[in-house]
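Grab a viewer and a pencil, and let's work through a few exercises together. Each one sets a task and then walks through the solution.

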Amino acid sequence: MSGTEVVREKQAADWNRPRHIEPDGEGELLEVSMGPHHPSTHGVFRMDVALDAERVIRLKPVFGYLHRNHEKIAEGISYLASMPYTDRLDYICPLTNNWAYALAVEKLTGQEVSERAEYLRVILGELTRIQNHASSIGFLIQEMGASGTPLMYAFREREKILDLFEELTGARMMVNYMRFGGCRVDASPAWLDRARKVVAGLPGFVDEFEQLLTGNEILMARCQGVGILRPELAVNAGVTGPMLRASGVNYDIRKVDGYGIYSRFKFRVPLGDHWDVYDRFMIRLLEMRESIGILEQALKDIPGGPVMDPKARIRGFRPKPGEAYGRIEAPKGELGFYLISDGGPNPYRYRVRPPSLINLTVLEDMCLGHDIADVVLIFGSVDIVLGEVDR
Amino acid sequence: MKTVEEIKAAIEAAVPNAGVEIVANPSVSGQRSLRLRPSHALAVARFLRDDEELKLDFLSNVTGVDWPDKQIAEKVMVTRTVTRTVDGVEQAVEETFEETQKRVEPGYLEVVYHLYSVAKKHGPVILRMRTVNRTDQVELPSMTPLWRSAEFQEREVFDLYGVVFTGHPDLRRLLMWDAFKDHPMRRDYVEPDDFEYEPTAHDEVMKRAQAHHVAAGTVSAEQAPVARHEGSGAGQ
């Protein structure tokens with residue numbers, strides 16, 4: 001029985017315990033501590049791996065190297081003061097973090113959002129998704145040994161998008177852009193024109209990227225049939241985002257909740273049917289194409305008007321005692337904020353539902369039975385940022 | 001999707017003596033929740049997951065909340081017998097006073113679960129459970145046997161709040177290191193006294209270092225470390 005079949009059987013039988021593979025053959029087990037400063041871990045993250053020859057028979061992730069108790073800090077400061085701090089969660093996608101937090105506070109206070117701001121949020125959110133997916137594919141290929149070229153292709157495009165962010169918000173990454181009831185500054189007509197120009201160039205980039213990668217023999221050999229995640233397990237383990245859809249589960253919060261104005265746009269939800277690393281890679285490529293479609297629609301329809309709701313209060317407000325959970329489809333999965341108010345100017349409880357951390361729940365299940373070299377790929381295909389995992 | 005009342009009725013029909021309560025939410029979001037009795041929580045959760053109509057197969061979010069002891073000051077009228085001198089004679093007179101009495105409402109730890117359905121695309125259904133107190137009776141049943149997504153999140157609640165999940169397969173600290181003692185997300189958490197380490201501490205720094213060791217309980221006051229070079233022989 002091959003390693004993949006063992007994993008499929010284990011996952012099918014019971015997704016709880018025991019979750020390890022019995023070593024076959026003679027000899028000793030090798031315990032390897034991968035990380036926290038391994039180049040493939042995207043930051044400071046450690047995996048305690050037990051190996052039988054090269055085969056992974058146990059894998060335990062170790063977290064917390066970047067823990068700064070973000071939630072505790074947010075409980076001591078006002079609602080608005082947490083906004084710049086959300087940029088630091090998933091620092092590849094600060095704008096979607098802003099959005100999720102603004103959405104949760106708007107739910108708590110009943111704040112309306114201005115029409116133009118809704119469009120700007122969609123535009124920025126989808127640009128964020130494209131640059132996240134491009135760079136995450138680039139990193140994945142880099143871990144396969146293609147050092148440089150594909151990643152530089154992705155980063156060239158990401159840089160164009162970050163230039164747009166910088167022009168609009170003043171910062172490439174730490175944007176602090178969204179506010180309860182709208183956005184901080186308005187986009188000028190010149191900015192929208194430049195955004196249109198960048199978006200017009202994106203399909204060419206995706207074509208080029210696809211041509212460069214999808215049929216690549218090494219990529220196919222390394223990715224296909226590796227890191228299989230069954231749909232039942234994916235749902236049960238709370239996996240979200242491209243990971244879940246690559247397992248063939250049709251669940252996109254943009255469609256399900258239709259938050260913001262997503263119900264107005266036409267787009268499709270790509271789904272995988274082999275549930276492996278290659279599918280995750282393909283889903284991200286296809287999602288980039290769908291995002292380009294949404295961007296074209298949004299940039300065509302964006303109305304005039306104020307960028308903040310005229311009645312919006314961004315500071316000095318005290319929400320009624322109660323709670324709200326708001327969630328969005330961030331590029332990495334379901335990003336949620338759960339807020340409890342006790343009537344004071346600070347949240348009584350502030351909780352981030354980090355997609356990166358929860359998607360790692362199944363890391364061990366996906367890696368069992370594979371070679372240690374494949375662990376790097378499977379881990380890369382999860383697409384995490386440690387700023388969000390450890391908070 | 002069913003309303004909270006309908007879900008409550010369905011739970012009560014399926015799980016006898018479930019004792020589910022609806023928790024109001026006065027905020028605009030209107031997301032009301034169901035409080036479960038820890039003794040019946042697993043049965044109720046299993047019903048919610050497997051019920052054909054609800055099919056809440058996706059546990060999205062697990063949150064710990066700390067509600068510390070609350071001091072409530074109440075004004076009470078108290079009648080007491082006091083001795084007063086009336087017309088030069090000492091007499092026992094009954095008088096009524098208004099007094100402020102302090103009552104302590106015991107605190108508890110709470111865990112909140114946000115459930116959605118991927119199959120039926122609805123949600124959220126919010127469940128909450130309370131511990132008995134914040135000190136020695138902090139056990140709650142783990143939801144990990146039903147939803148794997150609770151595995152890391154319950155470890156985080158255990159780590160940061162100190163809720164002990166019975167039935168969790170691998171209950172260890174998630175973010176803090178294993179030797180760490182306290183639970184940093186609790187409202188009454190006090191950060192450890194931070195002092196700059198100096199190999200040859202003296203004067204102010206040494207005083208603070210000694211106070212820290214005594215306060216942390218690592219040594220008694222007499223044994224508080226006296227900074228000197230090891231093996232230098234000075235002062236022996």
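**Exercise 1. Find the two sides of a helix.**

Start here: on the other side of H6(A) from its buried residues, Thr149(A), Met152(A), Arg156(A) and Glu159(A) are exposed. Which residues of H6(A) are buried?

Before the solution, some ground rules. This is a predicted model, so local features need pLDDT of at least 70 and side-chain atom pairs count only at pLDDT 80 or more, while totals for chains, interfaces and linings use all residues. Residues are numbered from 1 along each chain as its sequence is written, and chains are lettered from A and ligands numbered from 1 in the order in which they are written.

*Step 1.* Get the terms straight. Helices (H or I, at least four residues) and strands (E, at least two) are DSSP runs, numbered from the N terminus. A residue is buried if 20 or more other C-beta atoms lie within 10 Å of its own, exposed if 12 or fewer, and partly exposed in between, with C-beta atoms placed from the backbone.

*Step 2.* List the buried ones: Pro150(A), Leu151(A), Ala154(A), Glu157(A), Arg158(A), Ile161(A), Leu164(A), Phe165(A), Leu168(A) and Thr169(A).

*Step 3.* Look down the axis. These residues cover an arc of only 140 degrees around it, which puts them on the same side of H6(A); the arc is that of the directions from the helix axis to the C-beta atoms. The general rule behind such patterns is that an α-helix has 3.6 residues a turn, so residues three or four places apart point the same way.

*Step 4.* See what that side meets: the buried residues of H6(A) pack against H5 and helix H7 (189-213) of chain A. Here, two residues are in contact if their C-beta atoms, placed from the backbone, lie within 7 Å.

**Exercise 2. Check the length of that helix.**

What should the 21 residues of H6(A) span at 1.5 Å a residue?

*Step 1.* The expected span is 1.5 Å times one less than the number of residues. For helix H6 (residues 149-169) of chain A this comes to 30 Å.

*Step 2.* The end C-alpha atoms are 30 Å apart, which agrees.

*Step 3.* Now step off the end: H6(A) is followed by Gly170(A), with a positive phi near 95 degrees.

**Exercise 3. Place one threonine.**

Is Thr128(A) buried or exposed?

*Step 1.* Find Thr128(A) in helix H5 (residues 115-143) of chain A.

*Step 2.* Count around Thr128(A): 25 other C-beta atoms lie within 10 Å, so this residue is buried.

*Step 3.* Skip the neighbours within four places in sequence, and Thr128(A) is in contact with Cys93(A), Leu95(A), Thr96(A) and Pro331(A).

**Exercise 4. Draw the sheet E1-E2-E3.**

Which strands of this chain A sheet stand at the edges?

*Step 1.* Write down the order, E1-E2-E3, for an open sheet of three strands with antiparallel pairing. Two strands pair if DSSP finds at least two bridges between them.

*Step 2.* Strand E1 (30-34) and E3 of chain A are the edges; each has a single partner strand, so one side of each is left without a neighbour in the sheet.

*Step 3.* Zoom in on one pair. Seven bridges join strand E2 (residues 46-52) to strand E3 (residues 55-62) of chain A. Asp48(A) has Lys60(A) as its bridge partner, and Ala50(A) stands opposite Arg58(A).

*Step 4.* Close the hairpin: two residues sit between E2(A) and E3(A), and Ala53(A) in the turn has a positive phi of about 60 degrees.

**Exercise 5. Map the side of chain A that touches chain B.**

How many residues of chain A are in contact with chain B?

*Step 1.* The count is 39 residues of chain A against 31 residues of chain B.

*Step 2.* The largest share of the chain A side, five residues, comes from E7(A).

*Step 3.* Sort that side by type: 16 nonpolar, 12 polar and 11 charged. Ala, Val, Leu, Ile, Met, Phe, Trp, Tyr, Cys and Pro count as nonpolar, Asp, Glu, Lys and Arg as charged, and the others, Gly among them, as polar.

*Step 4.* Put E7(A) in context: an open sheet of three strands has the order E6-E7-E8 in chain A, with antiparallel pairing. Five bridges join E7(A) to E8(A), and Ile340(A) stands opposite Arg349(A) in E8(A).
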